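Grab a pen and work through these exercises with the structure open beside you. Each task comes with a solution that goes step by step.

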Amino acid sequence: MKLTILGGGGFRVPLVYGALLTDRGEGRVTEVVLHDLDDSRLYAVARVLAEQAATVPDAPTVTATTDLDEALRGADFIFSAIRVGGLEGRANDERVALAQGVLGQETVGAGGIAYGLRTVPVAVDIAQRVARLAPDAWVINFTNPAGLVTEAMSRHLGDRVIGICDSPVGLGRRIATVLGANPREAFIDYVGLNHLGWVRGLRVAGRDELPRLLADPDLLGSFEEGKLFGTDWLQSLGAIPNEYLHYYYFNRETVRAYSEVEKTRGAFLRDQQAQFYDEMKRPDTAALTAWDRTRAEREATYMAENRETAGAGERDADDLSGGYEKVALALMRAIARDERTTLILNVRNQGALSVLDADAVIEVPCLVDANGAHPVAVDPLPDHATGLVCAVKGVEREVLAAAGNGSRTTAVKAFALHPLVDSVNVARRLVEGYTEVHPGLAYLK
Ligand code: G6P
Ligand code: MN
């Protein structure tokens, strides 16, 4: 079985390859093709993968190419993990937004819109090529903003593209664990958009255990989301929000914290990874050791400003091990081998969340089998959550429209309608600022 990874020179590719190495089952991936625009990044990552495979018999073969069509042909699965504009682009997304006093996070608010605007045209081109060259392949989208990018691709690939994120899984695992339940035996009643969802229940042996958690301030304050949002607010909400909702519920504090840091997240990762890829150019570097050190530092500092604002302290050791690769592998196995399972994924709504239309990509528990991912119908969200979901989906639709018609006016509309952008004038200045710094937005006229 052939797996193609787009963005194959990306820093997190060794996580995926490491997960593949643990898979010894029949029908596993035997061939990995890495595609990237940048040769030196491919070379660096290939070195890490070679060290990972050194002690594993029958490790999947790895080849690398900068030819996209060649990479796509014959693929059974395609992981799309591209980053249009690189981490320099991410740092600029943050900088331009903060200059206007709004948030520039890569998936939330102005930063997410800017990143979406330059990623959608590239993702659409990939989707069209896949439809032509590998029509039977399944595409798993890792690229942020994951829900929006998946929806763009689904217009060309239908339900053969599925978006993934590890934050709902991590959230469900943490809740189950504090409740003393086995995460694998729990059904997580979670729904929303990517990075904009809520856990409303957690069923174990047919019983909803979430009320027990919400009633117990000690339990509630003992894990990441409890520390981030505070127990009082979680009890008021009666649900546990995805950690990215911290940017909404505590917007003023997070914007202030981000304005005060020496380096924003994107700038930190840009510099950290530049150093890693530089190190990889030296033939005597121990590749896997250097990669692992860099990875550990990245994990430890994830959402550091949010945690600082909330006084949440360090991350729990269990939260430091990533998770994307596990979701991707579980999804791929379920489809390729009909290993039926339930996963929270980004798929077309198809009526699962009645307030949105059938084609809107949402994040929702899905039954997965050889026929793909089937969203489970869920209870309606409360009004406050419905409001946010509909507002942000409306913004995503404007981003898709702007990417389609190339209109600056439509781009301004996308920014202006976002709940975290507080003036149409700010939206206008954001479009000016972003088009100045991002060559990938030159199509906006
Ligand atoms: C979480 C999010 C992802 C994000 C990742 C890394 O897993 O769900 O969407 O890509 O963290 O975040 P970072 O700030 O390290 O790039
Ligand atoms: Mn995510």
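**Exercise 1.** Find the side chain that shares a polar contact with the side chain of Asn144, and work out where Asn144 sits.

*Solution.* Step 1: the side chains of Asn144 and Glu106 are joined by a polar contact of 3.4 Å. A polar contact here is a pair of N or O atoms within 3.5 Å; within protein, one has to be able to donate a hydrogen and the other to accept it, and residues adjacent in sequence count only if both atoms are side-chain atoms.

Before you go on, a word on the source: this is a predicted model, where local features need pLDDT of at least 70, side-chain atom pairs count only at pLDDT 80 or more, and totals for chains, interfaces and linings use all residues. Residues are numbered from 1 along each chain as its sequence is written, chains are lettered from A and ligands numbered from 1 in the order in which they are written, and side-chain values use heavy atoms, with hydrogens and water left out.

Step 2: Asn144 belongs to the loop between β5 (138-141) and α6 (146-157). Helices (H or I, at least four residues) and strands (E, at least two) are DSSP runs, numbered from the N terminus.

Step 3: Asn144 counts as buried, because its relative accessibility is 9%. Buried means under 20% relative accessible area, exposed over 50%, and partly exposed in between (1.4 Å probe, protein chains only).

Step 4: leaving out residues up to four places away in sequence, Asn144 touches Glu106, Thr107, Tyr115, Thr119, Val149, Asn194, His195 and Tyr324. Contact means heavy atoms within 4.5 Å.

**Exercise 2.** Which residues are closest to ligand 1, and how much of its accessible area does the protein cover?

*Solution.* Step 1: ligand 1 is surrounded by 14 residues, and the closest are Arg90, Asp166, Arg265, Arg298 and Tyr324. To be near the ligand, a residue needs a heavy atom within 4 Å of it.

Step 2: look at the polar atoms. An N or O atom in the Arg90 side chain is 2.8 Å from an oxygen atom of ligand 1. For Asn144, a polar side-chain atom lies 2.9 Å from a ligand 1 oxygen, and for the side chain of His195 the distance from an N or O atom to a ligand oxygen is 3.1 Å.

Step 3: on its own, ligand 1 has 390 Å² of accessible area, and the protein covers 93% of that (Shrake-Rupley method, 1.4 Å probe).

**Exercise 3.** Why do the buried residues of α15 end up on the same side of the helix?

*Solution.* Step 1: list them: Ala287, Ala290, Trp291, Thr294, Arg295, Arg298 and Glu299.

Step 2: these residues are on the same side of α15 because they cover an arc of only 165° around the axis. The arc is that of the directions from the helix axis to the C-beta atoms.

Step 3: recall that an α-helix has 3.6 residues a turn, so residues three or four places apart point the same way.

Step 4: the buried residues of α15 pack against α1 (13-21), α2 (39-53), α4 (86-99) and α14 (265-279).

**Exercise 4.** Is Tyr248 buried or exposed, and which side chain makes a polar contact with its side chain?

*Solution.* Step 1: Tyr248 is in helix α12 (residues 246-249). With a relative accessible area of 13%, Tyr248 is buried.

Step 2: the side chain of Tyr248 makes a polar contact of 3.5 Å with that of His418.

Step 3: Val108 is 140 residues away from Tyr248 along the chain, yet their C-alpha atoms are separated by 8.7 Å.
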